[in-house]
There are 4 protein chains.
Amino acid sequence: MERLRLGMVGGGQGAFIGGVHRIAARIDGQWDLVAGALSSDAGRAAASAAELGIAADRSYADFQQMAEAEAARADGIHAVAIVTPNHMHAAPAVAFLRAGIHVICDKPLAATSEQASEIAQAVRESGKQFILTHNYTAYPLIRQAQAMVAAGELGEIRVVQVEYAQDWLTEEAHNKQADWRTDPARSGAGGCVGDIGTHAFNLASFVTGLEATSLAADLEAFVPGRKVDDNVHVMLRFKGGAKGMLWASQVAVGNENALRLRVHGTRGGLDWSQENPNQMSFTRFGKPKQILTRGGAGANDTGLRTTRIPPGHPEGYLEGFATLYSEAAHLIRHADFGTPLPEGVHAPTIEDGLDGMRFIAACIASSKADAAWTSLAR
Amino acid sequence: MERLRLGMVGGGQGAFIGGVHRIAARIDGQWDLVAGALSSDAGRAAASAAELGIAADRSYADFQQMAEAEAARADGIHAVAIVTPNHMHAAPAVAFLRAGIHVICDKPLAATSEQASEIAQAVRESGKQFILTHNYTAYPLIRQAQAMVAAGELGEIRVVQVEYAQDWLTEEAHNKQADWRTDPARSGAGGCVGDIGTHAFNLASFVTGLEATSLAADLEAFVPGRKVDDNVHVMLRFKGGAKGMLWASQVAVGNENALRLRVHGTRGGLDWSQENPNQMSFTRFGKPKQILTRGGAGANDTGLRTTRIPPGHPEGYLEGFATLYSEAAHLIRHADFGTPLPEGVHAPTIEDGLDGMRFIAACIASSKADAAWTSLAR
Amino acid sequence: MERLRLGMVGGGQGAFIGGVHRIAARIDGQWDLVAGALSSDAGRAAASAAELGIAADRSYADFQQMAEAEAARADGIHAVAIVTPNHMHAAPAVAFLRAGIHVICDKPLAATSEQASEIAQAVRESGKQFILTHNYTAYPLIRQAQAMVAAGELGEIRVVQVEYAQDWLTEEAHNKQADWRTDPARSGAGGCVGDIGTHAFNLASFVTGLEATSLAADLEAFVPGRKVDDNVHVMLRFKGGAKGMLWASQVAVGNENALRLRVHGTRGGLDWSQENPNQMSFTRFGKPKQILTRGGAGANDTGLRTTRIPPGHPEGYLEGFATLYSEAAHLIRHADFGTPLPEGVHAPTIEDGLDGMRFIAACIASSKADAAWTSLAR
Amino acid sequence: MERLRLGMVGGGQGAFIGGVHRIAARIDGQWDLVAGALSSDAGRAAASAAELGIAADRSYADFQQMAEAEAARADGIHAVAIVTPNHMHAAPAVAFLRAGIHVICDKPLAATSEQASEIAQAVRESGKQFILTHNYTAYPLIRQAQAMVAAGELGEIRVVQVEYAQDWLTEEAHNKQADWRTDPARSGAGGCVGDIGTHAFNLASFVTGLEATSLAADLEAFVPGRKVDDNVHVMLRFKGGAKGMLWASQVAVGNENALRLRVHGTRGGLDWSQENPNQMSFTRFGKPKQILTRGGAGANDTGLRTTRIPPGHPEGYLEGFATLYSEAAHLIRHADFGTPLPEGVHAPTIEDGLDGMRFIAACIASSKADAAWTSLAR
């Protein structure tokens with residue numbers, strides 16, 4: 001099967017997440033990166049493209065030009081990956097969608113709800129695939145957890161505890177990653193809540209299948225002078241009566257990237273941590289706790305589907321991310337070539353993106369209203 | 001040094017916490033149990049006393065009679081341990097205090113704030129020692145953590161995450177322990193919030209030394225028909241600007257007695273879990289995480305003071321509890337005999353008890369008001 | 001039920017294990033310490049006795065005098081605890097046994113095989129109880145593990161991996177504990193192999209129920225000038241074909257008291273570590289690993305019998321040790337008063353002591369013969 | 001920079017390790033797979049090639065033909081990956097080396113020492129690069145550990161404990177992976193000792209930099225009818241006086257792929273486990289244990305060099321394997337194009353392969369001689 005052709009907007013030299021997308025796209029051999037508008041700085045764009053083996057004539061000075069040129073080529077890209085800061089998602093996303101090119105977009109969806117709506121409208125109008133890289137939902141054990149909950153193995157869900165703790169913004173920081181994330185003009189009004197809070201919220205929503213209906217949030221910017229929140233405390237209520245807590249922090253000293261999800265139902269409980277993603281504990285009420293491993297004894301088909309290597313051979317962050325690129329390939333081959341869609345293909349959509357924007361907005365509104373309950377109604 | 005004489009109210013056959021108090025009292029050889037009103041059932045009281053080697057003439061049918069008789073004896077008890085259900089703390093506590101006998105009382109302080117006030121008044125008027133067995137504060141590493149925070153090793157505290165998860169009340173349960181804890185007439189209006197929420201709140205307050213000023217709580221009784229809460233979600237605000245979350249649950253399948261405290265400051269972070277209490281992680285910002293062990297490398301004097309055996313030889317719940325009995329012995333020897341008080345002696349007081357009652361009341365009030373911020377002002 | 005009366009030889013001020021024995025004897029309320037020859041230094045013996053509330057007339061200058069005097073008293077001790085260095089086990093053990101007093105003796109049994117034989121002969125001739133404090137066999141999960149193996153839950157045992165790593169003798173050390181343990185005149189010819197290697201060997205033997213038939217050992221004294229081994233490598237062969245490895249070290253930097261046992265059979269595997277003794281992993285072949293907890297779901301009667309408090313409330317080293325004192329009380333009440341022996345009572349015996357001495361001797365002989373296979377035949 | 005061209009021998013449909021090599025080759029974008037003799041079955045070879053996007057004219061029926069044809073092409077492969085069972089390493093390795101093509105070869109080096117010598121001779125005569133995929137040495141924390149030991153951070157090494165436990169061969173198994181590994185004609189005389197024992201030995205040798213001089217081994221085939229060992233017990237002696245133990249097992253129920261290395265020196269100790277490879281504990285004698293994370297606080301340049309993404313974002317088995325492909329690319333670009341070799345490039349060589357063969361042979365010889373000490377002299 002021929003590889004799909006990928007373009008990229010953003011991700012030039014010095015970027016973090018662009019490199020992750022490129023590795024993720026390579027892992028399963030479904031994609032070739034052939035075009036890019038890798039930087040708004042023309043020199044850096046060209047140098048970055050050269051380093052990556054992108055032909056000079058497909059290294060573009062801006063995304064608009066790229067969308068048009070690639071749409072016009074017989075060998076144009078099938079999809080573009082947008083890996084720019086939040087405020088620069090909407091314009092390229094809309095441009096490529098209108099040019100008939102599928103979009104793989106980093107999260108959160110956008111810096112503002114207006115931008116988010118523009119993207120959503122373009123998705124609807126174009127009918128093109130739009131994949132939001134909430135990569136944590138693609139870990140095999142998370143897929144397995146989602147299927148276990150859906151199959152009723154935990155009974156009716158009561159309590160959802162999700163947390164995402166980091167410490168890299170404990171002090172005032174100045175570097176490429178920190179700068180835009182703490183600048184409301186580029187990150188949006190949410191800081192930590194947008195950067196990692198949305199991951200936590202998305203993960204909890206995905207695994208439980210529950211719709212959060214309202215939240216009470218207490219956001220704080222602990223570092224003096226910081227313009228966006230760096231610690232997020234949220235209480236959640238879900239349709240059907242489940243309740244939850246969400247904690248996201250970028251000032252929790254002692255944490256690198258500690259995303260953890262716990263789900264407790266009437267019949268069972270799950271506990272998974274991203275930093276050691278190849279195991280998950282599962283307890284049926286009244287029985288000994290089980291340690292489920294990726295691909296090991298007790299793995300279900302949903303988990304196995306996204307597993308590459310045997311249990312005990314750890315897969316990590318990049319493999320999870322790669323699964324989204326493979327899912328994207330499935331979806332796009334199906335859309336463009338009618339290739340049958342394998343059972344179980346899943347990737348976060350524009351709806352997940354809009355949910356994330358609503359989550360950010362509700363957190364900020366609630367926090368401003370002294371943690372008043374705020375609706376998340378779609 | 002002669003042993004102190006201890007009496008006990010409650011703790012007859014079939015009880016849980018009474019047995020714990022007795023082992024705790026024995027461990028360091030500071031106490032002899034010599035009198036008791038072990039059960040409101042006369043037969044059970046006598047049988048229980050006989051089993052425990054209490055002389056028949058010091059096994060009393062009721063606590064009032066016991067308080068009077070013991071106060072009148074030359075060899076009367078120095079202190080009484082009250083290990084009855086919550087609603088039965090106040091009456092005996094007041095009786096013994098008025099009889100001039102020191103009191104060691106199980107937590108929470110009482111079932112109602114009125115009862116709590118009566119005890120507090122009796123403590124003030126009697127001038128006797130009153131020790132509340134918030135036993136988790138007596139773990140050596142918790143003592144060490146408290147001293148580390150106080151010494152500024154974590155910098156200024158920003159975030160406090162405390163949780164206490166159990167699953168034994170996941171379903172409707174009927175047994176001696178469950179019955180009174182889910183009966184508002186005996187437990188007070190709080191269920192989970194009083195039984196274990198107060199432990200979590202007390203632990204966080206003790207270690208951080210911070211005063212919680214207000215909270216927003218969302219309490220739930222998940223089990224159909226249950227009259228008290230079994231899951232507790234709380235957001236906390238502390239004087240000075242720190243913020244926290246507290247989760248207590250008795251329906252979190254997969255948890256036995258999972259009390260965990262995390263404290264994050266400007267310079268460092270701590271993480272301790274009760275189920276493996278002999279280690280604690282400590283991270284100075286920008287440095288590798290350290291695993292501190294009870295009595296091991298990095299132990300401070302405060303932690304070492306309450307340590308009995310070398311690192312790697314685990315101490316547990318009973319030793320922590322026993323430390324409170326040793327602290328009580330120090331305090332009572334000092335009060336009664338003028339024995340010098342060693343540096344560092346600490347035991348939870350009536351003030352901790354009142355704080356716990358305010359915590360319960362505020363949680364209930366906040367939850368009834370849809371999680372409105374509610375003051376904890378003393 | 002009246003408490004039994006205990007005497008102690010050794011354990012004066014500054015000792016470690018004597019204090020452990022005393023706490024262990026107190027925990028379950030079965031013993032009163034009433035007599036002692038606590039030190040060979042008369043002043044220290046008297047001062048130590050006074051501190052412990054031992055009447056002056058029952059603080060003896062030497063064990064011989066104590067054995068005679070206590071045997072002659074109507075209220076003489078039921079048993080004596082011998083907590084001296086290894087070379088001082090045999091003489092008091094023989095004296096008390098001959099005086100008709102039961103003996104609880106620290107491990108290893110003796111410093112030499114001659115001494116061991118003398119004790120064994122005295123045990124046989126006296127018919128008295130002799131309990132060797134291989135305390136690690138008394139942890140509830142170890143009792144549970146033994147019963148699981150015996151019940152065939154692991155199938156036929158194939159591989160036994162046991163290790164006991166410490167680092168406190170990494171450098172030349174001079175203190176009361178280190179001095180006698182590194183002096184062959186007091187510890188016997190084995191250093192690490194006797195002090196902790198015997199614990200590891202005893203634990204593996206107890207849990208598996210297998211008889212080790214031969215071993216190949218490579219002992220080393222890594223610290224310059226040390227006269228006894230501080231690192232022990234052993235390969236083991238068991239009757240029936242199982243094989244094992246044993247590692248004991250007192251120079252393994254990063255280890256406090258890391259005793260760990262793994263047992264693998266045709267149907268299942270177990271893994272337990274002493275530093276967190278309240279959990280054990282158990283895997284049935286082809287099934288998810290289970291985390292068994294002390295007293296929790298999956299506990300068997302054998303484990304529950306020695307459990308004091310609910311799961312999640314950690315018991316530790318002292319409780320395990322205390323169980324041996326409770327078992328001793330059962331055995332002695334049965335022997336002396338005909339009290340029925342509860343099902344499941346177990347304590348290490350003189351035979352375990354002799355096995356340990358054979359293990360030490362075989363390790364030393366094998367190591368001298370360049371790790372030649374050496375018989376452990378009884 | 002242009003990608004290097006890779007060929008593959010073995011790795012057709014149904015293979016495990018071939019797929020791993022292909023992902024590993026893709027991850028860092030240094031290689032394109034363009035040719036293959038993927039199976040000895042012509043139909044499967046062609047189908048496999050088609051699936052992988054290999055042009056039909058570069059899918060070969062046999063490796064000899066492939067070596068010749070590729071050597072003759074202007075756009076021939078730069079290197080070949082040999083991913084066949086052990087007995088099929090030598091013939092293709094020799095063929096490609098003689099054809100002037102670099103070789104990346106799976107481990108162990110060969111099924112027999114004769115085959116190993118043939119490869120070694122071909123390497124010497126050809127002057128071509130030969131990389132043996134002992135992939136575990138490429139984990140960033142293992143690289144870091146090696147550098148820490150070399151820098152003296154552990155002092156003089158005394159004790160090396162390495163183990164590699166699996167359970168997938170606990171029962172008689174029949175599948176593509178099990179069949180050849182338990183067939184001496186294909187695996188060589190060693191079973192478990194060759195398949196995973198060599199990994200453990202290589203890892204210990206790499207990290208410590210110590211040369212093992214002799215060993216005493218006790219090998220066992222526990223599963224009835226099995227023709228090769230499935231459990232390996234080894235005592236090791238190293239030049240300079242360090243001692244070690246190695247345990248490898250494929251019948252240790254409860255283990256998936258549990259490779260663990262512990263190194264203890266006069267000043268410090270390390271502990272690393274493959275199943276959670278993103279952390280390692282490190283203890284300086286007398287100081288608290290530190291948890292070092294891949295790329296986190298305390299990371300050294302050697303570890304960082306092979307790290308792709310920030311700490312807390314787990315890298316796994318495939319990334320470690322990929323590092324060997326990147327190292328191979330560096331070595332080959334240097335050899336073929338004179339591209340400067342970055343500092344710190346490392347990949348296992350033919351010498352590691354020969355050491356592994358000596359290890360296997362010595363284990364088998366020692367075990368046959370009842371675990372007699374057997375030299376590993378090069």
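# Briefing: two chain interfaces and some local backbone features

The contact between chain D and chain C takes 47 residues from chain D and 47 residues from chain C. This is a predicted model. Chain B meets chain D through nine residues on each chain. About 3,700 Å² is buried between chain D and chain C. Chain B and chain D bury about 660 Å² between them.

**Chain D against chain C: area and make-up**

- Carbon and sulfur atoms carry 57% of the area buried between chain D and chain C.
- Three residues, D:Arg158, D:Val253 and D:Phe285, supply 19% of what chain D buries against chain C. No other three residues give more.
- Ten salt bridges cross the interface of chain D and chain C.
- One salt bridge joins D:Lys243 to C:Asp218. Their closest N and O atoms are 2.9 Å apart.
- Side chains of opposite charge can pair when their charged atoms come close.
- Chain D and chain C also share 20 residue pairs in polar contact, both residues being at pLDDT 80 or more.
- Several strands of chain D give two or more residues to the side that touches chain C. They are β6 (157–165), β7 (212–220), β8 (231–238), β9 (243–249), β10 (258–265), β11 (268–273) and β12 (279–284).
- That side of chain D divides into 19 nonpolar, 14 polar and 14 charged residues.

**Chain D against chain C: symmetry**

- A turn of 180° lays chain D on chain C, with 0.0 Å of shift along the axis. The RMSD is 0.0 Å.
- D:Ala372 has the C-alpha nearest the axis in chain D, at 3.7 Å.
- The copies meet through the same surface, because 100% of the interface residues of chain D are also interface residues in chain C.

**Chain B against chain D: area and make-up**

- Of the area buried between chain B and chain D, 71% is on carbon and sulfur atoms.
- B:Pro288, B:Ile291 and B:Ala297 supply 63% of the area that chain B buries against chain D. That is more than any other three residues.
- The side of chain B that touches chain D holds four nonpolar, three polar and two charged residues.
- Zero salt bridges are counted between chain B and chain D.
- Two residue pairs are in polar contact across the interface of chain B and chain D, both at pLDDT 80 or more.

**Chain B against chain D: strand pairing and symmetry**

- Strand β13 (residues 289–293) of chain B pairs with strand β13 (residues 289–293) of chain D. The sense is antiparallel, over three bridges.
- B:Ile291 has D:Lys289 as its bridge partner in β13(D). B:Ile291 is also one of the three residues that supply 63% of the area chain B buries against chain D.
- Chain B superposes on chain D with an RMSD of 0.0 Å, by a turn of 180° and a shift of 0.0 Å along the axis. That is the relation of a two-fold axis.
- B:Gln290 comes closest to the rotation axis among the residues of chain B, with its C-alpha at 2.2 Å.
- All of the interface residues of chain B (100%) are also interface residues in chain D, so the copies meet through the same surface.

**Backbone features**

- Most residues other than glycine have a negative phi, and most peptide bonds are trans.
- The peptide bond from A:Lys107 to A:Pro108 is cis, with omega near -10°. A:Pro108 sits in the loop between β4 (102–105) and α5 (113–126) of chain A.
- In chain C, the peptide bond from C:Lys107 to C:Pro108 is cis, with omega near -10°. The loop between β4 (102–105) and α5 (113–126) of chain C holds C:Pro108.
- A:Ala371 has a positive phi, near 70°, and is not a glycine. A:Ala371 lies in the loop between α12 (350–368) and β14 (374–375) of chain A.

**Salt bridges over the model**

- The count over all chains comes to 100 salt bridges.
- A:Lys107 forms a salt bridge with A:Asp195, with the closest N and O atoms 3.5 Å apart. A:Lys107 lies in the loop between β4 and α5 of chain A, while A:Asp195 is in helix α9 (residues 192–208) of chain A, so the pair ties together parts that are 88 residues apart in sequence.
- A:Lys107 also takes part in the cis peptide bond to A:Pro108.

Notes. Residues are numbered from 1 along each chain as its sequence is written. Chains are lettered from A and ligands numbered from 1 in the order in which they are written. Side-chain values use heavy atoms; hydrogens and water are left out. Contact means heavy atoms within 4.5 Å. Buried area is the accessible area (1.4 Å probe) that two parts lose on being put together, summed over both. A salt bridge is a side-chain nitrogen of Lys or Arg within 4 Å of a carboxyl oxygen of Asp or Glu. A polar contact is a pair of N or O atoms within 3.5 Å; within protein, one must be able to donate a hydrogen and the other to accept it, and residues adjacent in sequence count only if both atoms are side-chain atoms. Ala, Val, Leu, Ile, Met, Phe, Trp, Tyr, Cys and Pro count as nonpolar, Asp, Glu, Lys and Arg as charged, and the others, Gly among them, as polar. Two strands pair if DSSP finds at least two bridges between them. Helices (H or I, at least four residues) and strands (E, at least two) are DSSP runs, numbered from the N terminus. Copies are superposed by least squares on the C-alpha atoms of residues with pLDDT of at least 70 in both.
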